[in-house]
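Please look over the model below. The report follows two residues and then turns to the chain as a whole.

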Amino acid sequence: MRSDRAPVQGPAHYRELVGQAKADFGSLATNSFLLPDVVAAKCQSGNLLFQRLPHALFFFEDMGRYYRFYYYKEQNAAAVPQSAMAKPLMAEEPTRKKAGAAAQDAWYTGLGFRPTFTTLRMQMPARAGTGAPAPNSFVVQTAGDAHLPALMDLWLNEPLLVDILIPDEAGVAREISAGEILIAVDSAGAVLGAIRAVLAGKTGESSRLAVHPSHRGRGIGPALMRGYMDTVEARGAARHVLWVIDTSTGAQRLHEKLGYRFDGIVSRQYLLGAAPGSKQ
């Protein structure tokens, strides 16, 4: 039985691993929602690893500063990854209700994890038309390599973002190269805000929306969201999804004004280990 970690070779390999786990484990528990097209993107750079144990199958997605941890396991198995990981692990448990969080917390804390925060999933269909852009004293554009320092400073100093979830500079540089980062800049070229725009299959996902504190109230957040929608819809997005921290009522109101609605999915996040400089 394989117990070391190795790269997932692609969607077919992922399906084979999961299929075998489902056949081996009579009563299956999982926190994984990885879809084949998402797996394909994650495997392109070899950043999705797996580990097979007698009662569990683990996946580790290298996010730069941490590993995103997914599992398939027998229902009552208290399996944990074997051997130490070089980076902290962040696990996510999506559910349709907050009830039962205490029992879920107890299971994770028994494995050494600690609860961190809860997010709500919001969705909306693609728009019928983009509409005319509002006149602004700033421009929304794709970020370039020269914007990397300003992006890191913006995101790591945004209190509504969890800093461990922000990739390291190398990770953000890859996102810039892939054309995933949009920024709002003024006439002098200063970065006023930023957002990440990703398309997986027909689903667009925005994340890391942030506006510099001294430039809030100017419509930069909504403009970045519209820029994100324009970008992914031009590439074929049929729907939009995002996650917002449950205590961030201002962010929830912003997205509701744009057409997003909470779809009932709640996700609890758990951390094993600590990252240098983490606010957690």
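Gln252 sits in helix 7, which spans residues 249-258. The model is predicted. Gln252 has a relative accessibility of 15%. Buried means under 20%, so Gln252 counts as buried. What does Gln252 touch, beyond residues up to four places away in sequence? Its partners are Leu120, Met122, Val244, Ile245, Asp246 and Thr247.

Ile265 belongs to strand 13, residues 261-272. Ile265 also counts as buried, because its relative accessibility is 9%. Neighbours within four places in sequence aside, Ile265 contacts Pro94, Thr95 and Arg96. Thr119, Leu120 and Arg121 are in contact with Ile265 as well, and so is Trp243. Along the chain, Trp243 and Ile265 are 22 residues apart. Their C-alpha atoms are separated by 9.5 Å. Leu120 appears in both contact lists: it touches Gln252 and it touches Ile265.

The table sets out the two residues.

| Residue | Element | Relative accessibility |
|---|---|---|
| Gln252 | helix 7 (residues 249-258) | 15% |
| Ile265 | strand 13 (residues 261-272) | 9% |

Now the whole chain. How many helices and strands does the protein chain have? The count is 7 helices and 13 strands. The chain has 280 residues, and 46% of them are buried. Take the contacts with a separation of 6 or more: 71% of them join residues 24 or more positions apart. The accessible surface of the protein chain is about 13200 Å². Carbon and sulfur atoms hold 54% of that surface.

Notes:
Residues numbered from 1 in each chain as written. Predicted model: local features only at pLDDT ≥ 70, side-chain atom pairs only at ≥ 80, totals over all residues. Heavy atoms only, no water. Helix = DSSP H or I, 4+ residues; strand = E, 2+ residues; numbered from the N terminus. Buried < 20%, exposed > 50% of the residue type's maximum accessible area, 1.4 Å probe, protein only. Contact = heavy atoms within 4.5 Å. Areas by Shrake-Rupley, 256 points an atom, 1.4 Å probe, with all protein chains shown as cover.
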